[in-house]
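User: I am new to reading protein models, and I would like a close look at one part of this one. Please take me slowly through a charged pair and the parts of the chain around it.

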Amino acid sequence: MDFFELVSQRRSLRKFADRPVESHIIEKILEAALTAPSSRSSRSTRFLVVENRDIIRHMSYMRDYGSAFMAEAPVAIVVMGDRNATDLWLDNCAISATFVQLAAEAAGLGSCWVHVEGREHMKGHPEMGSADSYLRTFLPIPQECGIECVIAMGYSPYESPKKRAEQDNSGKVTWLK
């Protein structure tokens, strides 16, 4: 499959087959992600791979909306950035997270991004803290790192990918010649 087929076929997957992901596949995905471009080659992105189902279920409560589906994911990758390495750590993380998702797709896995940075633990209740602060209560997140997102990933329980909805992209690209 070429790159353009890969991109057109990738979908966010929020249901996962009850099947572990082999370590060598996760390693290959992370190798690809570690080649992602970064600001001034700062290589500020860090990853935490979680395969423990109990910890992943606990992680699924990081937000009261948008993260519950993670509970059944066989793998969760926390995408973090070293804030001391560059002020563009968030941008670097976003690029690396995209590489994780594309590499997962190429490896036959589905994935879904769960945003952490700037998200409340309980929507509308800032006094309850942030998704970031919740995860820090039980994950070994280095102090110098901020958390951009968590990528939940695993094998799809579906036989074929869901078709992408048609969208009107007119007006989204401007050409100057």
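Analyst: A good place to start is Asp 54, which counts as exposed because its relative accessibility is 57%, where exposed means over 50% relative accessible area, buried means under 20%, and partly exposed lies in between (1.4 Å probe, protein chains only). This is a predicted model, in which local features need pLDDT of at least 70 and side-chain atom pairs count only at pLDDT 80 or more, while totals for chains, interfaces and linings use all residues. Residues are numbered from 1 along each chain as its sequence is written, and side-chain values use heavy atoms, with hydrogens and water left out.

The side chain of Asp 54 meets that of Arg 57 in a salt bridge, with 3.4 Å from N to O; the term stands for a side-chain nitrogen of Lys or Arg within 4 Å of a carboxyl oxygen of Asp or Glu. Arg 57 and Asp 54 are separated by about one helical turn, because they are three residues apart in helix H3. Helices (H or I, at least four residues) and strands (E, at least two) are DSSP runs, numbered from the N terminus. Arg 57 itself, at 31% relative accessibility, counts as partly exposed.

The structure holds five salt bridges, and another of them joins Arg 53 to Asp 18, whose closest N and O atoms are 3.7 Å apart. This pair links distant parts of the chain, since Arg 53 is in helix H3 (residues 53–59) and Asp 18 is in the loop between helix H1 (3–9) and helix H2 (23–33), 35 residues apart. Arg 53 is partly exposed at 22% relative accessibility, whereas Asp 18, at 72%, counts as exposed.

A further salt bridge brings together the side chains of Glu 22 and Arg 19, at 3.9 Å from N to O. Glu 22 has a relative accessible area of 29% and is partly exposed, and Arg 19, with 39%, is also partly exposed.

Helix H2 is worth a look as well. Its buried residues are Ile 25, Ile 26, Ile 29, Leu 30 and Ala 33. These residues lie on the same side of H2 because they cover an arc of only 135° around the axis, the arc being that of the directions from the helix axis to the C-beta atoms. On the other side of H2, His 24, Lys 28 and Glu 31 are exposed.
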